[in-house]
Amino acid sequence: MKRVAIFISGGGSNMVSLVDSMTGDHPARPVLVLANSADAGGLVKAAERNIATAVVDHRPFNGDREAFQAALQAELVKAAPDILCLAGFMRVLTASFVQKWQGRMLNIHPSLLPKYRGLHTHARALEAGDALHGCTVHEVTPELDDGPILGQATVPVRPGDTPDTLAARVLVQEHRLYPAVLHRFATGKREMIRLQG
């Protein structure tokens, strides 16, 4: 049984979809939900599901990313996870941290990578006139929103879409895709999953 830690920064909807999928004959179980703010709404949702939580607030570190990441690593050592899932974790992790977890760390990103790394992905897809948009689960490497792609889910871009309406439809697919990829990843499989919304 693989042990999974999940990093969040906000409401934790992707975390909830992951946690709620890890039941029955699933090959993994959640052991920690960690947030970089005590205000992250996902902490309450994790506690309601009897999952251990931790907070490592980045702000007292005053931009010292290595010290912040050392504190993250200390929490991970206590929880001893096999897999680390970034689920809306809004801090960029440095190469030194990523390399400790490379091959064991997943991220979900709201675009069809390699398109639109970084922020404001829905607005950028609309500005480009894309007919399809979606989300990607990938292994984390030191380069931002890079790494082997393990799954993608697409949604059609509709006339009259705004960044918010598009984001809402993509989020529905994120909640399908991330659990599906994690399930396969926990069994050692890396073949790409494709879903359509």
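These legends describe close-up views of a predicted model.

**View 1. The whole protein has 6 helices and 8 strands.** Along the sequence, these elements follow the pattern β-α-β-α-β-α-β-α-β-α-β-β-α-β. The radius of gyration is 16 Å, close to the 16 Å from the globule rule for 197 residues, so the protein is as compact as a globular protein of that length. Its C-alpha atoms fill a box of roughly 50 × 45 × 30 Å along the principal axes. Of the 197 residues, 49% count as buried. Contacts also link distant parts of the sequence: among those with a separation of 6 or more, 61% join residues 24 or more positions apart.

**View 2. Eight strands build an open sheet.** Their order is E3-E2-E1-E4-E5-E6-E7-E8, and the pairing is mixed. Strand E3 (53-55) and strand E8 (193-196) are the edges, each pairing on one side only. On average, neighbouring strands are turned by 20° against each other, direction ignored.

**View 3. Strands E4 and E5 run parallel.** E4 covers residues 83-86, and E5 covers residues 105-109. They pair over 3 bridges. Cys85 has Leu106 of E5 as its bridge partner.

**View 4. Helices H1 and H6 meet the strands.** Helix H1 (residues 13-21) lies across E1 (2-8), E2 (28-35), E4 and E5. H1 runs at about 165° to E1. Helix H6 (residues 163-186) packs on the sheet. H6 touches E1, E2, E4, E5, E6 (132-139), E7 (149-156) and E8. The direction of H6 makes about 155° with that of E7.

**View 5. Helix H6 has the span expected from its residue count.** H6 has 24 residues. At 1.5 Å a residue, they should span 34 Å; the end C-alpha atoms are 33 Å apart, which agrees. Many side chains can be picked out here. Buried residues of H6 include Leu166, Val170, Leu177, Val181, Leu182 and Phe185. Polar residues also appear on the buried list, among them Arg169, Gln173 and Glu174. Just after H6, Gly188 takes a positive phi of about 90°.

**View 6. Asp161 sits in the loop between E7 and H6.** Buried means under 20% relative accessibility. Asp161 has 15%, so Asp161 counts as buried. Its side chain makes a polar contact of 2.7 Å with the side chain of Thr165. Another polar contact, of 2.8 Å, joins the side chains of Asp161 and Arg169. Leaving out residues up to four places away in sequence, Asp161 touches Leu126, Pro156, Leu166 and Arg169. Arg169 and Leu166 are themselves buried residues of H6.

Methods: Residues are numbered from 1 along each chain as its sequence is written. This is a predicted model: local features need pLDDT of at least 70, side-chain atom pairs count only at pLDDT 80 or more; totals for chains, interfaces and linings use all residues. Side-chain values use heavy atoms; hydrogens and water are left out. Two strands pair if DSSP finds at least two bridges between them. Helices (H or I, at least four residues) and strands (E, at least two) are DSSP runs, numbered from the N terminus. Axes are lines fitted to C-alpha atoms, for helices over the stretch in contact, and angles run from 0 to 180 degrees between N-to-C directions. Contact means heavy atoms within 4.5 Å. The expected span of a helix is 1.5 Å times one less than its number of residues. Buried means under 20% relative accessible area, exposed over 50%, partly exposed in between (1.4 Å probe, protein chains only). A polar contact is a pair of N or O atoms within 3.5 Å; within protein, one must be able to donate a hydrogen and the other to accept it, and residues adjacent in sequence count only if both atoms are side-chain atoms. The radius of gyration is taken over C-alpha atoms; the globule rule is 2.2 Å times the number of residues to the power 0.38.
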